[in-house]
Amino acid sequence: MGVTKTFYIETFGCQMNAHDSEKVIGTLEHEGYVRVEDEADAGLVLYNTCSIRDKAEQKVFHRLNEYKRLQGEGKKFAVLGCVAQQEGEKIFERAPYVSLVSGSASYRNLPAMLVRLEAGERRITGLDDRQTDQTFDTEFTSRSNPHRGYITIVEGCDKFCAYCVVPYTRGKERSRASNSVLAEARRMADAGFTEIQLLGQNVNSYRDPSGRMSFAELLVAVGQIAGIRRVRFTTSHPRDFTREIVAAIDATPTLCDHVHLPVQSGSTEVLRQMAREYTREWYLERISWIKAAKREISITSDIIVGFPGETEQDLEDTVTLLEEVGYDAIFAFKYSPRPNTPATGRADLIPDEEKSRRLQVVLDRQREIQRKAYARHLGQVMEVMVEGYNHSRAQVTGRSSQNKTVNFTVGQPILPAMGSYLPVRITQTFPNSLAGEALRGDDDRD
Ligand code: 5AD
Ligand code: SF4
């Protein structure tokens with residue numbers, strides 16, 4: 001009697017995936033499983049996968065091969081997430097020791113799937129794909145950070161950009177009711193969380209199923225919860241970006257001074273072929289709204305280089321757009337053909353070496369843009385949330401409202417607590433971080 005059920009979980013991919021894992025962990029723990037840190041000790045090994053670019057996917061199959069040596073001893077294996085949804089039952093063929101394959105749109109059925117797993121069933125699938133209207137709301141979320149936590153408000157995606165696998169792996173777009181979001185945010189505030197990050201593949205295409213609130217109104221409502229000091233949201237799609245969002249940030253000090261608004265390309269022609277449904281000018285108009293805000297809002301982006309048919313001039317358009325916006329950070333990627341996506345069949349693919357060269361062009365220019373962008377903070381005082389310590393250099397590390405990394409000294413032997421907020425004067429700037437000194441001791445208001 002009472003054999004301990006143990007599990008080990010490994011997570012790849014985006015913040016949505018990281019947060020899904022927190023919900024999966026909470027669900028498993030509620031079902032009586034105990035988490036272990038070493039896969040060798042686990043009765044159930046779960047692998048939450050990502051398929052956004054090919055390297056991520058190759059990693060999965062590499063890891064699955066490594067699992068082979070853990071086989072025996074009654075161990076069970078589960079593949080979750082985007083590769084699970086994408087590859088489906090093919091995973092059983094490639095890795096016959098896997099007993100459960102489930103995409104994120106089926107996680108609400110996890111407790112039932114676990115019962116079948118325990119009963120010894122060998123090939124359990126949760127591959128609802130685009131059928132479901134439901135979101136994965138659970139009260140059993142096991143958050144990894146006690147100060148800052150995620151809440152998913154939109155799942156799935158209906159945009160079907162020509163390069164992107166997400167609409168096929170995460171199902172159709174569905175929003176969570178504002179009441180449910182606010183109840184979770186209040187529970188988090190009561191539990192001591194001060195920062196909330198609202199998540200969605202297209203977070204700003206949020207449509208309250210109860211019709212009560214717009215996305216901007218939800219932002220304000222979360223920002224007004226007592227105890228919440230920072231609210232972030234990611235990822236915004238330019239198509240759904242409204243002036244109301246900027247007005248919400250203006251009106252609500254707890255909404256962070258940061259918008260992540262991926263442009264993907266600065267060329268209108270490439271944007272058209274990507275099916276992004278906006279032009280360079282249309283995007284820049286949204287940027288002008290953000291720049292007209294009362295507070296200075298940091299703007300960041302995602303860029304894809306080497307999309308099929310991208311010309312030298314298109315690349316130059318991307319570089320000039322980087323300069324025109326003056327992004328504080330970008331995530332730049334080489335285009336990677338994804339299964340099932342419209343762009344994959346194109347004949348005008350760009351060779352990998354050329355994609356690498358273009359990526360380097362973009363990264364080099366962006367580094368110079370950031371060097372200047374970060375330099376403007378010299379001498380400023382900003383509030384920093386403490387995230388960690390670098391003991392060897394007697395430094396504290398944290399993040400500003402603009403989501404910039406700030407390393408600073410405190411001028412006293414007792415280090416400020418994790419999750420506390422301090423005013424820091426910036427004395428040095430770099431292309432990717434700021435350095436400074438705290439103005440006074442630990443500021444634990446509220
Ligand atoms: N190839 C390269 N980058 C991609 N992204 C999404 N799909 C692809 C792909 N097939 C990038 C986009 C997106 C980010 C999360 O990943 O820039 O915004
Ligand atoms: Fe990866 Fe996209 Fe799935 Fe996130 S949604 S895990 S980035 S494929």
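Select glutamine 264 together with ligand 1 in this predicted model, and a polar atom of the Gln264 side chain will be found 2.6 Å from an oxygen atom of the ligand. Add aspartate 302 to the selection, where a polar side-chain atom likewise lies 2.6 Å from an oxygen atom of ligand 1. Arginine 53 comes next, with an N or O atom of its side chain 3.0 Å from an oxygen atom of ligand 1. Taken on its own, ligand 1 has 400 Å² of accessible area, and the protein covers 86% of it.

Now widen the selection to the full shell around ligand 1, which brings in Ile52, Tyr163, Ile304, Phe333, Lys334, Tyr335, Ser336 and Arg338 beside Arg53, Gln264 and Asp302. By class, this shell is made up of 5 nonpolar, 2 polar and 4 charged residues. If you colour by secondary structure, look for strand 13, residues 298–305, and strand 14, residues 329–334, each of which contributes at least two residues to the shell of ligand 1.

Move on to ligand 2, whose surroundings consist of Cys14, Asn17, Cys50, Ser51, Ile52, Cys82, Val166, Arg170 and Gln201. Here the shell divides into 5 nonpolar residues, 3 polar residues and 1 charged residue. Keep Ile52 selected for a moment, as this residue is listed around ligand 1 and again around ligand 2.

For the next stop, leave the ligands and turn to the second largest pocket, which has a volume of about 350 Å³. Its lining comprises 18 residues, and those closest to the pocket centre are Asp257, Met382, Glu383, Ser401 and Gln402. Strand 15, residues 381–390, gives the largest share of this lining, with 3 residues. Sorted by class, the lining of the second largest pocket contains 5 nonpolar, 6 polar and 7 charged residues.

To see how the chain is divided, select residues 5–126 as domain 1 and residues 381–443 as domain 2, following the domain assignment of the protein chain. The C-alpha centres of domain 1 and domain 2 are 38 Å apart.

Two details of the backbone close the tour. Which peptide bond is cis, with omega at about 5 degrees? Select threonine 234 and threonine 235, which are joined by that bond; Thr235 belongs to the loop that runs between strand 11 (230–234) and helix 9 (243–251). Then go to phenylalanine 160, a residue other than glycine with a positive phi, near 50 degrees. Phe160 is in the loop between strand 8 (154–155) and helix 6 (166–169).

Definitions and conventions. Residues are numbered from 1 along each chain as its sequence is written. Chains are lettered from A and ligands numbered from 1 in the order in which they are written. This is a predicted model: local features need pLDDT of at least 70, side-chain atom pairs count only at pLDDT 80 or more; totals for chains, interfaces and linings use all residues. Side-chain values use heavy atoms; hydrogens and water are left out. A residue is near a molecule or strand if one of its heavy atoms lies within 4 Å of it. A polar contact is a pair of N or O atoms within 3.5 Å; within protein, one must be able to donate a hydrogen and the other to accept it, and residues adjacent in sequence count only if both atoms are side-chain atoms. Accessible areas come from the Shrake-Rupley method with a 1.4 Å probe; for residues, only the protein chains shown count as cover. Helices (H or I, at least four residues) and strands (E, at least two) are DSSP runs, numbered from the N terminus. Ala, Val, Leu, Ile, Met, Phe, Trp, Tyr, Cys and Pro count as nonpolar, Asp, Glu, Lys and Arg as charged, and the others, Gly among them, as polar. Domain bounds come from an automatic or database domain assignment. On a 1 Å grid over the protein atoms alone, a cavity is a set of points where a 1.4 Å probe fits but cannot get out, and a pocket is an open set with protein on both sides within 12 Å along at least five of seven lines; lining residues have an atom within 4 Å of a point. Grid points are joined across faces, edges and corners, and a volume is the space filled by probe spheres set on the points.
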